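This report describes the fold, the nonpolar cores and one buried polar site of a protein model.

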Amino acid sequence: MTLCFSDELLKIESAGMAPAPPESGDYSTSFPATENPISEGGAWVNGLATGLLWNDMKTANGNIIATATIPSGFADNCAHLTGFAPDQYIEGVVHREAGYNPTDPHEIELLLRAQFTANNCRCYELLTATDGSSAIVRWNGPASDFTVLDATGSGIGAIAHGDVVRLEMVGSALKAYKNTVLALEVTDTVFTDGNPGVGSFMRGTGNVLANLGLQSITAGNL
């Protein structure tokens with residue numbers, strides 16, 4: 001699906017405000033505002049809002065990034081949009097600082113059919129890690145309860161600044177792409193509704209959060 005934006009919409013985004021999601025369910029932003037957590041006029045639901053078991057996403061310097069490193073467990077940083085049909089996609093442009101190669105692999109995540117409620121975050125996740133590993137994962141809802149799905153394909157591989165990663169789902173079929181090339185695919189029937197979103201998983205200490213994220217995202221119905 002190709003998104004077309006009017007001149008007025010582009011003027012709004014360049015003035016520091018992200019566009020509200022059109023009624024069609026399509027959404028695109030390059031994160032022009034600095035927000036912690038990300039809101040963009042109330043468009044996003046953040047992980048921390050569900051309880052203290054997950055963390056929020058934030059925006060800074062034109063990127064969406066994590067708000068916290070995770071010393072133990074699986075309290076991912078995460079946020080999702082609302083108002084999408086079950087068949088959907090999300091696509092993001094990677095932000096990765098030059099030379100950033102953490103000892104413990106860090107992940108940037110694309111989410112589909114996400115629904116966050118009290119103490120419950122469920123979705124499908126495409127994780128892409130700094131060491132080149134990748135997977136499609138189902139978050140089952142409760143904290144630290146997830147299933148790595150048995151996807152086929154060569155995988156996303158190492159992610160570099162400017163790479164375009166995409167996750168889409170039609171019916172029960174999930175497909176992940178890197179720079180338009182199909183990299184992983186799997187079927188799963190557990191979740192039939194929800195919304196696109198993003199996430200991040202980082203360990204370690206120090207000022208590492210700004211080193212990995214997304215420069216922009218586009219999400220829509222299929």
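The text below goes from whole-chain values to the sheet, the cores and a single aspartate.

The model is predicted: local features need pLDDT of at least 70, side-chain atom pairs count only at pLDDT 80 or more, and totals for chains, interfaces and linings use all residues. Residues are numbered from 1 along each chain as its sequence is written, and side-chain values use heavy atoms, with hydrogens and water left out.

**Overall values**

The protein has one helix and 15 strands; helices (H or I, at least four residues) and strands (E, at least two) are DSSP runs, numbered from the N terminus. Whole-protein values are tabulated here.

| Quantity | Value |
|---|---|
| Buried residues | 51% of the 222 residues |
| Contacts 24 or more positions apart | 64% of the contacts with a separation of 6 or more |
| Accessible surface | about 9400 Å² |
| Carbon and sulfur part of the accessible surface | 52% |

Buried means under 20% relative accessible area, exposed over 50%, and partly exposed in between (1.4 Å probe, protein chains only). A contact is heavy atoms within 4.5 Å. Accessible areas come from the Shrake-Rupley method with a 1.4 Å probe; for residues, only the protein chains shown count as cover.

**Sheet**

An open, antiparallel sheet of seven strands has the order β2-β5-β14-β7-β8-β9-β10. Its edges are β2 (45–46) and β10, each paired on one side only. Two strands pair if DSSP finds at least two bridges between them. Between the antiparallel strands β7 and β8 there are nine bridges, and leucine 111 has glutamate 125 of β8 as its bridge partner.

**Cores**

A nonpolar core is a set of buried Ala, Val, Leu, Ile, Met, Phe, Trp, Tyr and Cys residues joined through side-chain atoms within 4.5 Å. The largest one holds 40 residues, and Trp44, Ile136, Leu174 and Val198 touch the most other members. Elements giving two or more residues to this core include β7 (107–117), β8 (120–129) and β15 (212–221). The largest share, four residues, comes from β15. Beyond four places in sequence, isoleucine 136 contacts eleven residues' worth of neighbours such as Glu125, Leu149, Leu174 and Val186. A separate second core of eleven residues includes Trp54, Ala114, Leu127 and Ala135.

**Aspartate 163**

Aspartate 163 lies in the loop between β10 (146–148) and β11. It counts as buried because its relative accessibility is 12%. The aspartate 163 side chain makes a polar contact (N or O atoms within 3.5 Å, one able to donate a hydrogen and the other to accept it; residues adjacent in sequence count only if both atoms are side-chain atoms) with the side chain of asparagine 179, at 3.1 Å. Leaving out residues up to four places away in sequence, aspartate 163 touches Gly92, Val93, Val94, Ala158, Lys178 and Asn179.
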